[in-house]
Amino acid sequence: MSLVEDGPVRLGSAPPELVLDHALPDLTLSPLATADLMLALAGVLPPGQVLGAAVQEVVEDLGVGPEIGVALPTVEAARAALVAGGLVLRDEEHTPLAALEQARVAPGQPRLVHGIPRRLRARESGVGARTTVDFDDPSLRGRPLLLLERPALEADLPLLRAWASSAGAAPVVLVPEHSDGRAWVPTRLLLRLADDLVTAIGASGATVRTVPLEPHDPRSDSALVDRIAARLGATAVRSLSDTEPGGTAGVWAQAHAALVDGRGAGALPGLDPDTERTLRSWLPRRDERGVALMFSGLSGSGKSTLARDVAAWIGATTSRTATLLDGDRVRQMLSAGLGFDQASRELNVRRIGYVAAEIARHGGIAICSPIAPFAHTRAEVRHMVEQAGDFVLVHVSTPLEECERRDLKGLYAKARQGQIPDFTGISSPYDVPVDADLRVDTSALGREEAAQQVIDHLTRGGWVEGKAP
């Protein structure tokens with residue numbers, strides 16, 4: 001392998017780039033495994049730790065560059081890594097973060113490859129990439145440590161002021177850098193809240209940094225905090241977490257639930273107005289929040305007609321902006337060149353989901369009507385959208401017999417004759433949604449009645465206001 005070894009790895013500093021042997025196989029890591037890799041490169045993870053797995057509860061042997069394990073997707077991929085002598089580990093942006101050298105397979109676990117990680121490049125993705133803690137910075141050693149995993153409540157402030165005044169030195173405040181999701185406050189907002197908190201508790205001279213921490217399980221998360229504190233030689237370690245027993249975590253859980261729900265008009269419990277304002281910039285109330293409305297169903301079920309009618313009603317009756325991602329139009333523009341095999345159809349739905357998520361991110365309403373036959377693809381779209389707004393899935397449950405009777409484009413007849421392979425409902429399955437927010441059968445309802453069901457759901461949910469047409 002053509003790798004020039006570096007000096008001690010420093011998380012948060014930019015080491016010289018190493019020469020990469022492009023013959024090595026690649027592995028793109030999950031956000032959880034990527035965070036673990038960054039901690040491994042900083043000498044925080046226990047030796048032999050498998051990226052993304054439960055963390056050992058030991059704090060000894062805190063050396064730089066311990067051996068780590070990586071689970072490969074197949075036995076063949078693991079064998080390829082052994083033959084090549086290593087593996088390149090990449091993040092979600094495909095940046096080569098590290099090479100796994102001296103690769104070996106764990107006994108009895110043919111997909112689990114162990115080796116020594118060597119950094120290739122600094123991570124560039126993520127909100128906290130430029131503010132990540134440098135564990136080798138001598139100015140951070142031996143200081144009090146506060147891990148801020150959630151916003152501080154008003155009831156937390158007196159305790160934190162007392163902690164800061166008795167700690168004996170300016171604290172280091174670490175904010176977890178993790179992937180987006182609704183279960184936790186985004187890193188960018190926690191950084192802002194951390195700066196406000198430092199002022200509020202009188203922690204003059206505090207240093208605020210991010211640390212790559214993705215949630216594992218409560219026991220592993222506690223073990224990681226212990227190892228991070230030990231690596232920094234920290235004193236007076238304190239954390240504000242979602243899972244701490246007793247204290248104010250329960251109040252935060254109520255505030256967080258109310259924030260996600262977005263329908264209440266009152267203030268969020270336990271939070272001061274400035275903190276609430278910051279959090280509302282992330283998840284506004286529903287009448288201001290972006291939303292993606294997906295109609296899923298068989299060809300001929302009435303999805304497109306429903307989508308057009310609802311979009312027209314929103315534009316004519318409410319103050320909100322709706323963008324219609326029509327199936328045929330998307331195929332002509334966004335997905336031009338894609339076929340109709342399963343992989344192409346799934347990619348088409350993902351592209352629609354990506355655009356819908358961006359519309360929701362900016363507070364708009366995206367309305368789309370793909371067949372979206374596969375449950376796992378719909379789940380991916382829901383996850384994408386819910387990082388930025390709300391997702392409403394409408395199953396247009398018109399029976400196959402009625403869809404085939406309509407057959408406006410003659411597609412079912414061609415599919416029955418074998419002229420169209422992989423046709424949903426005939427030669428390819430449709431996963432009936434078990435997580436649909438609403439079901440509409442256009443064979444049992446008139447056009448206006450069907451649209452009204454969707455409109456009623458949107459108004460009851462608080463996303464729009466207005467009168468029925």
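Are Y412 and F423 buried or exposed? Both are buried, and that makes a handy way into this predicted model. The two residues form the one aromatic pair that the structure holds. Their ring centres sit 5.0 Å apart with the planes at 80°, so the pair is edge-to-face. Y412 belongs to helix α13 (residues 411–416), while F423 is in the loop between α13 and β15 (438–440), so the pair ties together parts that are 11 residues apart in sequence. There's another ring to look at too: R378 lies over the face of Y430, at 5.6 Å from the ring centre.

**The chain as a whole**

Stepping back, the protein chain has 14 helices and 15 strands. Its C-alpha atoms fill a box of roughly 75 × 60 × 35 Å along the principal axes. Of its 469 residues, 49% count as buried. If you take contacts between residues at least 6 apart in sequence, 70% of them join residues at least 24 apart.

**The four-stranded sheet**

One open sheet has four strands in the order β9-β8-β7-β10, with parallel pairing. At its edges are β9 (207–212) and β10, each of which pairs on one side only. From one strand to the next, the twist averages 25°.

β7 is a good strand to click on here. Five of its five residues are buried, so β7 is largely enclosed by the rest of the structure. In a regular strand, side chains alternate between the two faces of the sheet. In β7, P144, L146 and L148 point one way, and L145 and L147 point the other way, all of them buried.

On one pairing, β7 meets β10 (residues 235–240) in the parallel sense over five bridges. Here P144 stands opposite T235, and L148 has L240 as its bridge partner. β7 is also joined to β8 by three bridges, again running parallel, and in that pairing L147 is partnered with L174.

Helix α5 lies across β7, β8, β9 and β10, running at about 145° to β7. L232 is found in this helix, and at 1% relative accessibility it counts as buried. Leaving out residues up to four places away in sequence, L232 touches F135, L140, R141, G142, L145 and L174. Its C-alpha atom is 8.0 Å from that of R143, a residue 89 places away along the chain.

**The nonpolar cores**

What about the greasy bits? The largest nonpolar core has 41 residues, and those touching the most other members are L37, L51, V70, L89, F135, L174 and V211. Elements giving two or more residues to this core include α1 (31–41), β3 (68–71), β5 (96–106), β7 (144–148), β8 (172–177) and α5 (218–232). V211 shows how varied the company can be: setting aside neighbours within four places in sequence, its contacts are L39, V133, F135, L147, L174, V175, P176, E177 and I228. There is also a second, separate core of 30 residues, which includes L160, V175, L189 and L240.

**The five-stranded sheet**

Further along the chain, another open sheet has five strands in the order β12-β13-β11-β14-β15, with parallel pairing. β12 (322–325) and β15 stand at the edges with a single partner strand each, so one side of each is left without a neighbour in the sheet. Neighbouring strands are turned by 20° against each other on average, direction ignored.

Within this sheet, β11 (residues 291–296) and β14 (residues 390–396) run parallel and are joined by six bridges. S296 stands opposite H395 in β14.

Two helices that pack on this sheet go side by side here:

| Helix | Residues | Strands touched | Direction |
|---|---|---|---|
| α8 | 303–317 | β11, β12, β13, β14 and β15 | about 150° with β11 |
| α14 | 447–461 | β11, β14 and β15 | about 170° with β15 |

**Back to the start**

β15 turns up in more than one part of this tour. It is an edge strand of the five-stranded sheet, and it is touched by helix α14. The loop between α13 and β15 is where F423 sits, with its ring paired edge-to-face with that of Y412.

Definitions and conventions:
Residues are numbered from 1 along each chain as its sequence is written. Side-chain values use heavy atoms; hydrogens and water are left out. Rings of Phe, Tyr and Trp (its six-membered ring) pair if their centres lie within 6.5 Å; planes under 30 degrees apart count as stacked, over 60 as edge-to-face and the rest as tilted. Buried means under 20% relative accessible area, exposed over 50%, partly exposed in between (1.4 Å probe, protein chains only). A charge sits over a ring if NZ of Lys or CZ of Arg is within 6 Å of the ring centre and within 35 degrees of the ring normal. A nonpolar core is a set of buried Ala, Val, Leu, Ile, Met, Phe, Trp, Tyr and Cys residues joined through side-chain atoms within 4.5 Å. Contact means heavy atoms within 4.5 Å. Two strands pair if DSSP finds at least two bridges between them. Axes are lines fitted to C-alpha atoms, for helices over the stretch in contact, and angles run from 0 to 180 degrees between N-to-C directions.
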